[in-house]
Amino acid sequence: MTAATAPAPAPHAASPLRWVLSDSWTVARRDLIHWTRNPTVIVAGLAFPIMFVLLYGYVFGSAMIVPGGGDYREFLMPGMFAQTMMFGAAATISAVAADKARGVTDRFRSMPMAQPAVVVGRSAADMVNSVLDLAVLVACGLLVGWSSNTGPLPTLTAFGLLLLLRFAMIWVGIYLGLVVSQEAAASTWALLFPLTMISNTFVDPSLMPAWLGTVAEWNPLSATVAATRELFGNSVPELVGTSWPAQNALLLAVVWPVLIVAIFLPLAVRRYHSAAR
């Protein structure tokens, strides 16, 4: 066979990574455009954390006394940041389940595209949304009197840990969205509430019953909250526990999300591929 009559190489055959990245960006752009065309969803998603800040910061917070005379809203805001990142999993579950129910996921499978791009693109789009959510919540925190009392590097590290938690929860959301029905996806908020409440978000675990305090201390959310409080300079020395999780919050704030990603990313990819057969 001469060079003139040789078959052309398959598209992207010489650069599979570039193929995945290109198709991932296409899927992410599609998800972002779809998101911006639903202003009600945007407003509701941004209003929810703001409502929580006002509710817990002023209504419940007026009755809260921080040992050592610390400001409760400074104690609260790192917890609200982390809680919003964890609650983002519900939005991911709903979006993935909706695409599956409408047949969008099946259409992606039938197209000549890099298969990992569908889940990678979804994770990229959700990370962009999460940055916006976090920015709005930080602005709200500044308005109610919260501030970072440390330098730029610790502050940026704290935001990095918050986004790392969100990245981990995205893969939990993608996997569950591929597994559950669209109707069941709407009830995931109810499952996330206990995970976010049984933590150090609003009160210190030492003030809880012993067994419940232990559960709260080992909650992955508690690790991120404690680590970011310390990095923002919002931690209250009187409330820093003596348990191993409390003393190693920064380590756990990295280990927990990495472990979650290591478990759920392969599960999500495998679920997507197995459903295509």
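A salt bridge is taken here as a side-chain nitrogen of Lys or Arg within 4 Å of a carboxyl oxygen of Asp or Glu. The structure is a predicted model. By this rule, six salt bridges are counted.

One of them pairs R122 with D99, at 3.8 Å from N to O. This pair links distant parts of the chain. R122 belongs to helix α5 (residues 116-143), and D99 to helix α3 (residues 72-101). The two residues are 23 apart in the chain. Both partners are buried. For D99, the relative accessible area is 8%. For R122, relative accessibility is 12%. Each value counts as buried because the limit is under 20% relative accessible area.

D99 also takes part in a salt bridge with R102. Here the closest N and O atoms are 3.2 Å apart. R102 is partly exposed, with 44% relative accessibility. This bridge therefore joins a buried aspartate, D99, to a partly exposed arginine, R102.

R122 likewise has a further partner. Its side chain meets that of D126 in a salt bridge of 3.1 Å, N to O. D126 and R122 are separated by about one helical turn, because they stand four residues apart in helix α5. D126 is buried, at 5% relative accessible area. Through shared partners, salt bridges join R30, D31, D99, R102, R122 and D126 into one network. Among its members, D99 bridges to R122 and to R102, while R122 bridges to D126.

The surface was also examined for nonpolar patches. L54, L55, Y58, V59 and F60 form one such patch. Together, these residues have about 440 Å² of accessible area. L54, one of the patch residues, lies in helix α2, which spans residues 39-60. Its relative accessible area is 42%. L54 is therefore partly exposed, as this class lies between the 20% limit for buried and the 50% limit for exposed. The value for L54 also fits the patch criterion of over 30% relative accessible area.

Conventions. Residues are numbered from 1 along each chain as its sequence is written. This is a predicted model: local features need pLDDT of at least 70, side-chain atom pairs count only at pLDDT 80 or more; totals for chains, interfaces and linings use all residues. Side-chain values use heavy atoms; hydrogens and water are left out. Patches are made of residues with over 30% relative accessible area and no salt bridge: like charges are joined within 9 Å, nonpolar side chains (Val, Leu, Ile, Met, Phe, Trp, Tyr) within 5 Å. Accessible areas come from the Shrake-Rupley method with a 1.4 Å probe; for residues, only the protein chains shown count as cover. Buried means under 20% relative accessible area, exposed over 50%, partly exposed in between (1.4 Å probe, protein chains only).
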